[in-house]
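Here are my notes on the model you sent. Please read them with the structure open.

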Amino acid sequence: MLRRKFLKNSLTGLPIVLATPSLLASCQKQEEDIVTPNGKKVIIIGAGIAGLAAAKRLTEKGFTVNLIESQEKVGGRLRTSTHWGVAFDEGASWIHGPQGNPITPLATQAGANTYLTADDNVKVFAANGTAYTDAALTAAENQFDAALQAVVNAGSTTQSFETVFNNLYPSQTNNPLWRYMLSAYLEFNTGGDISRLSSKFFDDDEQFNGDDVIITNGYDKVANTLATGLAIQLNTKVTGINYSGSQVVVTTATSTLQADYVVVTVPLGVLKSNSIQFSPTLPASKIAAINNTQMGNVNKFLLVWNTAFWDTNLQYLGYTPNQKGKFNYFLNMRTFSPVNALMTFAFGNYATSTETMTDDAITTEIMNHLKTIYGNAIPNPIGMVRTRWAQNPHSFGAYSFATNGTTTADFDALATDVNKKLFFAGEHTSRMYRGTVHGAYLSGLREAEKIIQL
Ligand SMILES: Cc1cc2nc3c(=O)[nH]c(=O)nc-3n(C[C@H](O)[C@H](O)[C@H](O)COP(=O)(O)OP(=O)(O)OC[C@H]3O[C@@H](n4cnc5c(N)ncnc54)[C@H](O)[C@@H]3O)c2cc1C
């Protein structure tokens, strides 16, 4: 996700699930030298950053912790491929607001290298390949920021962003530069297509300070380091959770396990898929919250060439095709890697339609955009790698967003425990920092603290 904060101080007085300073303080606590077992067992479902954070904290406090993960490795949406000699992060790439962000020290500890990706080091090209002037782009971006503020002011919990935006700015609906900003900035930031994004809560979350940095040698390092020393059962999919008795019973394809507490950190998309049977069924408020919030989609595509034909000092290229969300934003990997690679994206509804396209069809479409900018003589890439987040059975989407119909009660309900036995963490449960690595991490610590307090 590219994190551009559009609206400042826009929490509109909504309740915040849990105060952040105490969580941040608990991140800074040192591991206890001697851990005294307290006799309590916790099962944590999902070894993404939320599950790992909870597991580490509870283990330090003497709980016997068993992490169960459906995939062959830890990290969840922190997943790196290095096939083409450059770290291609399929999920998260950036630390958003690195100052005071709990991921910053974890990344340092993990040996992650970071690089400041300046948002304004960008050149945007019209559909015919002509570049917009810097002045024209800056003016449009300023108007766009004001328009977002106008949408939130006029918005309601029942109307989509697109409905309110089209009412307010009918003349901009088909403006290619505005469509680019709605997609490469807003849909990338929130994960949701503007037709389904809440007009009220599309940008109400908070962020840490400082310009975003990208991890250049793989975000999975952070997860792998956090996982060190934890008891983790990989390749094990949880299918059932029974919390009717004094112990919570967790069912997998091959075993039945019991614990005093269970922390569910599977993504919102997995909760929506009903692939985990809860017994008794979850409270109505929790089910409503799962239904009333959405899992968005962002897909990434890495293309590699023998030689670079673009300005290797430029951080980002923008393009303004007719189709919203279609390969309209390019991250120049050459600014931080010797490999001649560009990463491009598909956002919103278009992201999902890419998932049934062949690699060749994807490459052709991307090359058509680049040929319009750089001419037909540019070389073909030697390789392409891609993601299909909507089809991924371990998440069914990229990250969560507030849709039309989402209420403040839903935000609270996603993070609420059930009977003080069943706890929920993960980016979708983070009211303040949803859709981020730090939001997921802090949510894991938040639930660990709840259990510790019991
Ligand atoms: C394309 C993309 C770009 C992103 N960019 C950024 C970015 O730049 N910066 C940023 O801060 N954030 C970004 N994010 C968001 C960030 O990656 C997530 O918010 C965060 O990693 C979520 O962590 P989590 O622990 O909540 O979930 P996950 O990482 O998804 O962990 C959940 C785990 O549960 C496991 N699981 C699922 N079902 C079961 C089951 N039945 N049984 C057992 N285990 C199960 C999954 O395999 C997974 O490992 C991006 C995400 C995507 C997809």
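The points below cover the ligand shell and one helix pair.

1. This is a predicted model, and the points that follow should be read as such.

2. The ligand has 40 residues around it. Those that come nearest are Gly 46, Gly 48, Gly 76, Ala 92 and Glu 427. Three elements give two or more residues to this shell: α2 (49–60), β16 (298–305) and α13 (437–453). The most comes from α2, which gives three residues.

3. By class, 20 residues of the shell around the ligand are nonpolar and 15 are polar, while five are charged.

4. Where does the ligand lie with respect to domain 1 and domain 2? Residues of the shell come both from domain 1 (20–79 + 218–294 + 404–453) and from domain 2 (93–104 + 113–215 + 295–386), so the ligand lies between them.

5. Helix α2 also packs with a second helix, α7 (residues 220–227). The two axes come within 9 Å and cross at roughly 25°. Angles under 35 degrees count as roughly parallel, and α2 and α7 are therefore roughly parallel to each other. The crossing in which α2 passes α7 is left-handed.

6. Which residues of α2 and α7 meet? On the α2 side they are Ile 49, Leu 52, Ala 53 and Lys 56, and on the α7 side Ala 223, Leu 226 and Ala 227. Six residues of this contact are nonpolar, none is polar and one is charged.

7. To sum up, α2 gives three residues to the shell around the ligand and has a contact with α7.

Methods. Residues numbered from 1 in each chain as written. Predicted model: local features only at pLDDT ≥ 70, side-chain atom pairs only at ≥ 80, totals over all residues. Near = placed C-beta within 6 Å. Helix = DSSP H or I, 4+ residues; strand = E, 2+ residues; numbered from the N terminus. Nonpolar A, V, L, I, M, F, W, Y, C, P; charged D, E, K, R; others polar. Domains from an automatic or database assignment. Axes fitted to C-alpha atoms, helices over the stretch in contact; angles between N-to-C directions. Parallel < 35°, antiparallel > 145°, perpendicular 65-115°, else oblique. Left-handed = near helix turned anticlockwise from the far one by under 90°. Contact = placed C-beta atoms within 7 Å.
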